[in-house]
Amino acid sequence: MSNKLGGRSVEERAETMLELIYLEASNLGNSGERPHPRWAAAVQAALRMPTFQFGPSDDSLNQRFQVARAAGAFDTVRGRRGMKAGADAGKINWSHGVVRLAQAVERRVNELERSGGWERTGPPSGFQPVTFNRMIVTYFLRGRAVSESFSERWITAEEDNLARYVVRAYARNNPPARPELEIQPWLNCTLGAVRRVDLGDGSEAQIAEMDFPKPLQRGEKLFFATRVVAQEVGPTMSREVQVTSHGIEDLTMRIQFDISQPLPKRAWWFAEVPDIDRLIPPEPGDDRFVEVSACGFIERQFARGYPSAKYGLSWQWD
């Protein structure tokens, strides 16, 4: 898409921009930020998206808003009713939603234009020529520390003869013992070259190549999964897990806490926030809190993320 935005043809740029607008509109109600389902409904109705069943005569904004209202799109948010669910609900929610849509489109265009410079300056650190269609990351704790994780990836190749994917992992230093770290193939891939990186502080970092069953051609899809095992000896305690998006379209993060230990008192999700802010609990009643089940499990799903942004889960033990 970035190449099309930078294309020579005005028609090509216009077509790509329209595609981008519809894509952002479809994600408006389930974004990494706080979702606004009523705003999203109004925007999707205005754009005549297939979220609702429109008839041939629904050719005005107001008619399409009424179709969405009849379908219950503006009825409640957290059980509340009011003027934003009444006869003018579509217009009111559209006035907010179109601003949010414009902001989302602007951010995405800026990112695509920056990425369009990769051919000139080289790819950013960690870039790999794939589209992340879906990713599920599951973390397991032993005691109060993350001891292993499983990453399931659904990708599409962006270039021909793509034969491998590079996995990076890190384990913290905790003197006097050095941490142990291993990256393993789990499903539909094999282990290739592994390189250990000396960070100079006694920590352990590895870069491992996961070879595909066969080279992928541009546009081909593949599912594969990997496992990371980390043994951080000593009084180690984890407080959060995070994923750098790289543009993942559908990200699910799961945690299984060790039920032989006291469970966290509270947990919450974060998205696109400064590093220190992700460890600060939200205010009481905030919808970012995530319930820790009696079996010690939490889960959070994120819609498509911005390439350099971090998404994750944080918690407090005491």
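These are my notebook entries on one proline, one helix and one sheet of a predicted model.

**Entry 1: P129**

I looked up the position of P129 and found it in the loop between α6 (118-121) and β1 (130-142). I then asked whether P129 is buried or exposed. Its relative accessibility is 18%, and the cut-off for buried is under 20%, so P129 counts as buried. Leaving out residues up to four places away in sequence, I recorded that P129 touches T156, A157, E158, E159 and L162. I also noted the separation of P129 from I155: the two are 26 residues apart in sequence, and their C-alpha atoms are 9.8 Å apart in space.

**Entry 2: helix α4**

I next examined helix α4, which spans residues 61-70. I listed R64, F65, V67 and A68 as buried in this helix. Viewed down the axis of α4, the buried residues fall within an arc of 155°, and therefore they line one face of the helix. Just after α4, I found that G72 takes a positive phi of about 90°.

**Entry 3: the sheet β8-β12-β10**

I traced an open sheet of three strands in the order β8-β12-β10, with antiparallel pairing. Its edge strands are β8 (240-244) and β10 (266-271), each of which pairs on one side only. With direction ignored, I recorded that neighbouring strands of this sheet are turned by 10° against each other on average. I then asked how many bridges join β10 to β12. Six bridges join β10 to β12 (residues 310-316), and these two strands run antiparallel. For R266, I noted Q316 as the bridge partner in β12.

Note on methods: Residues are numbered from 1 along each chain as its sequence is written. This is a predicted model: local features need pLDDT of at least 70, side-chain atom pairs count only at pLDDT 80 or more; totals for chains, interfaces and linings use all residues. Side-chain values use heavy atoms; hydrogens and water are left out. Helices (H or I, at least four residues) and strands (E, at least two) are DSSP runs, numbered from the N terminus. Buried means under 20% relative accessible area, exposed over 50%, partly exposed in between (1.4 Å probe, protein chains only). Contact means heavy atoms within 4.5 Å. The arc is that of the directions from the helix axis to the C-beta atoms. Two strands pair if DSSP finds at least two bridges between them. Axes are lines fitted to C-alpha atoms, for helices over the stretch in contact, and angles run from 0 to 180 degrees between N-to-C directions.
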